[in-house]
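Colleague: I'm new to this one. Could you walk me through some of the labels used for it and the reasoning behind them?

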Amino acid sequence: MKIIETKTAPNPRRVRVFLAEKGITVPFEEIDIMKGAHKEAAFTKANPMQRVPVLILDDGTAISETVAICRYFEEMQPEPALFGKGAVGRATVEMWQRRMELGLLQHVAAAFRHTHPAAAVLEVPQFKEFGEANKARAVAALGVMDAQLATAKFLAGDEFSIADITGLIAIDFMRPARIQMPPELTHLARWHAEVSARPSAKA
């Protein structure tokens, strides 16, 4: 078993933090997407979408998409439950996970890929106006997070979950995307400091 990744990319970091929370160790194989390694034939065979990370099981099965990889490990080792417990708990985590992935991380990534000079090799062509528009959408999502965190310890309630992992990575990725967190979002700042202090955040 191994995970193919580019360590500097946000989605592989989501998997690394998830595994660290579980206490699971998996070997990683590094490829350089900035040099086009994700477009080579061998990698494309494992993931025709040409994105990292990809989990390769011992029998050769390839599982891509970050949440799918995390779900595999949740099934293999249910505790701690990072996808929630019970019908309401799991649905709430799923709700916030999708909000973080589609409502925040996607916009932060678009801002980076379409405005940062280093990302020009990944987005051909870059559309700078589109990237700038996504910055405002990301900031709007931060406001939604702040409102939730005014009454909740974590995004989906009292327990740390994959939604918090995605939110953490998205906010940290705002730095290279050149998006500023509004200073008035004090509840979000409290949460970010707390989840950043977890040992898994360093994975």
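Colleague: Let me start with one residue. Why does K153 count as partly exposed?

Modeller: Happy to explain, and please keep in mind that this is a predicted model. K153 has a relative accessibility of 41%. Buried would need a value under 20%, and exposed one over 50%. The value for K153 lies in between, so K153 counts as partly exposed.

Colleague: What makes K153 and E194 a salt bridge?

Modeller: Their closest N and O atoms are 3.6 Å apart. The cut-off is within 4 Å, so the pair qualifies. K153 sits in the loop between α5 and α6, while E194 belongs to helix α8, 41 residues apart. E194 is partly exposed as well, because its relative accessibility is 34%. Together with R190, K153 and E194 are linked in a network of salt bridges.

Colleague: How many salt bridges does the structure hold?

Modeller: There are 12. One of them joins the side chains of R16 and E5, at 2.7 Å from N to O. R16 lies in helix α1 and E5 in strand β1, so this pair ties together parts that are 11 residues apart in sequence. Both R16 and E5 are buried.

Colleague: How do you know that R14 is buried?

Modeller: The relative accessibility of R14 is 2%. Buried means under 20%, so R14 is buried. R14 forms a salt bridge with E101, with 3.0 Å between the closest N and O atoms. Since R14 lies in helix α1 and E101 in helix α4, the pair ties together parts that are 87 residues apart in sequence. E101 has a relative accessible area of 24%, so E101 is partly exposed.

Colleague: Now the helices. Why is α4 called roughly parallel to α6?

Modeller: The axes of α4 (residues 86-115) and α6 (residues 162-172) cross at roughly 15 degrees, and they come within 8 Å. Angles under 35 degrees count as roughly parallel, so α4 is roughly parallel to α6. The crossing in which α4 passes α6 is left-handed.

Colleague: Which residues make that contact?

Modeller: On α4 they include V93, W96, M100 and E101, and on α6 they include I162, A163, T166 and G167. By class, the contact of α4 with α6 has 10 nonpolar, three polar and one charged residues.

Notes
Residues are numbered from 1 along each chain as its sequence is written. This is a predicted model: local features need pLDDT of at least 70, side-chain atom pairs count only at pLDDT 80 or more; totals for chains, interfaces and linings use all residues. Side-chain values use heavy atoms; hydrogens and water are left out. Axes are lines fitted to C-alpha atoms, for helices over the stretch in contact, and angles run from 0 to 180 degrees between N-to-C directions. Helices (H or I, at least four residues) and strands (E, at least two) are DSSP runs, numbered from the N terminus. Angles under 35 degrees count as roughly parallel, over 145 as roughly antiparallel, 65 to 115 as roughly perpendicular and the rest as oblique. A crossing is left-handed if the near helix is turned anticlockwise from the far one by less than a right angle, and right-handed if clockwise. Contact means heavy atoms within 4.5 Å. Ala, Val, Leu, Ile, Met, Phe, Trp, Tyr, Cys and Pro count as nonpolar, Asp, Glu, Lys and Arg as charged, and the others, Gly among them, as polar. Buried means under 20% relative accessible area, exposed over 50%, partly exposed in between (1.4 Å probe, protein chains only).
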